[in-house]
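Please open the structure in a viewer and keep the selection panel at hand. The tour proceeds from the whole chain to single residues.

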Amino acid sequence: MKGVRFDYAGADVLVAGGSGGIGAAIAAAYREAGADVTITGTRAAAGDYDDLVPGCAYRQLDIESADSIAALAAATARCDILINSTGIALMTIGLDEYEPDIFDRAVRMHLTGAYRLAHAFRDKLAASSIDGGGSFIGIASLSSFFGIEQVPGYGAAKAGLVQMMKTLALAWAKHHIRANAVAAGLTESKMTVGVKHMPEVLAPTIARTPLGRIGLPEDIAGAVLFFTSPAASFITGQTLLIDGGYSVVG
């Protein structure tokens with residue numbers, strides 16, 4: 001990683017949702033740091049993608065399916081670090097989260113699915129012997145803290161995720177597992193690519209952002225690697241906003 005070197009040799013990392021966007025950048029950063037990395041995607045096989053991070057194992061996962069999550073956990077022998085970067089804002093695929101069934105789907109995808117995944121891997125994380133102990137990292141959002149009109153379900157789930165990480169941090173400390181989250185501001189990804197062509201959305205966001213740009217997936221990856229490192233071994237239950245200063249503007 002540019003400017004910083006982490007050593008994750010010997011660590012087994014699972015990046016759920018690592019087939020693209022923020023998840024792929026996180027997976028690439030762990031690979032660069034020497035970890036053994038498994039990524040998940042929704043497609044049946046790695047060959048169904050053109051641009052997966054090289055050197056990673058691949059598993060299929062449907063975060064909305066309890067059976068799929070259980071199968072992934074059963075097929076995973078060891079996990080020191082679990083990253084959940086799954087899901088999508090359903091409005092980006094033309095669905096209206098104000099419809100009760102779509103709202104419910106958003107919450108199940110981004111909150112219930114995240115909990116099921118963490119629960120399925122708890123014992124594996126507890127068995128970790130890496131410095132700093134096992135870690136679970138969730139990807140939160142500015143919608144965890146701000147009302148964003150277009151995504152009521154996604155926002156509710158991401159707000160719930162922040163609280164869930166606090167509770168897991170309390171409950172799992174006795175298992176030597178740390179639970180933290182990073183809240184991404186507007187960040188380049190397949191999910192947000194359309195925003196770059198929507199000046200009515202992009203211009204006000206950048207104008208409010210003191211650093212004057214939108215985020216890159218690598219900006220999120222650096223914070224994640226720090227959170228799971230021995231340097232952060234006394235940090236748990238926290239959510240770090242990575243938003244270029246957007247959230248501090250009055």
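The stops below give a selection and then describe what is found there.

**Conventions.** The model is predicted: local features need pLDDT of at least 70, side-chain atom pairs count only at pLDDT 80 or more, and totals for chains, interfaces and linings use all residues. Residues are numbered from 1 along each chain as its sequence is written, and side-chain values use heavy atoms, with hydrogens and water left out.

**Whole chain.** Select the protein chain and display it as a cartoon. It contains six helices and seven strands, in the order β-α-β-β-α-β-α-β-α-β-α-α-β from the N terminus. These elements are DSSP runs numbered from the N terminus: helices are H or I with at least four residues, strands are E with at least two. The radius of gyration is 17 Å, close to the 18 Å of the globule rule for 250 residues, so the chain is as compact as a globular protein of that length. That radius is taken over C-alpha atoms, and the rule is 2.2 Å times the number of residues to the power 0.38. Along the principal axes, the C-alpha atoms fill a box of roughly 50 × 40 × 40 Å.

**Burial.** Next, colour the chain by relative accessible area. Of the 250 residues, 47% are buried; buried means under 20% relative accessible area, exposed over 50%, and partly exposed in between (1.4 Å probe, protein chains only).

**Main core.** Select I26, Y30, V37 and I83, which have the most contacts inside the largest nonpolar core, a set of 34 residues. A nonpolar core comprises buried Ala, Val, Leu, Ile, Met, Phe, Trp, Tyr and Cys residues joined through side-chain atoms within 4.5 Å. Elements that each supply at least two residues of this core include β1 (12-16), α1 (21-32), β2 (36-41) and α6 (217-227). The most is given by α1, with seven residues.

Which residues are in contact with Y30, leaving aside its neighbours within four places in sequence? They are Y8, V13, A35, V37, I81, I83, V224, L225 and T228, where contact means heavy atoms within 4.5 Å.

**Second core.** Move to A16, I63, L90 and L168, which are included in a second, separate core of 31 residues.

**An exposed loop residue.** Finally, select S129, in the loop between α3 (100-126) and β5. S129 counts as exposed because its relative accessibility is 64%. Add R108 to the selection: S129 and R108 are 21 residues apart in sequence and 32 Å apart in space, C-alpha to C-alpha.
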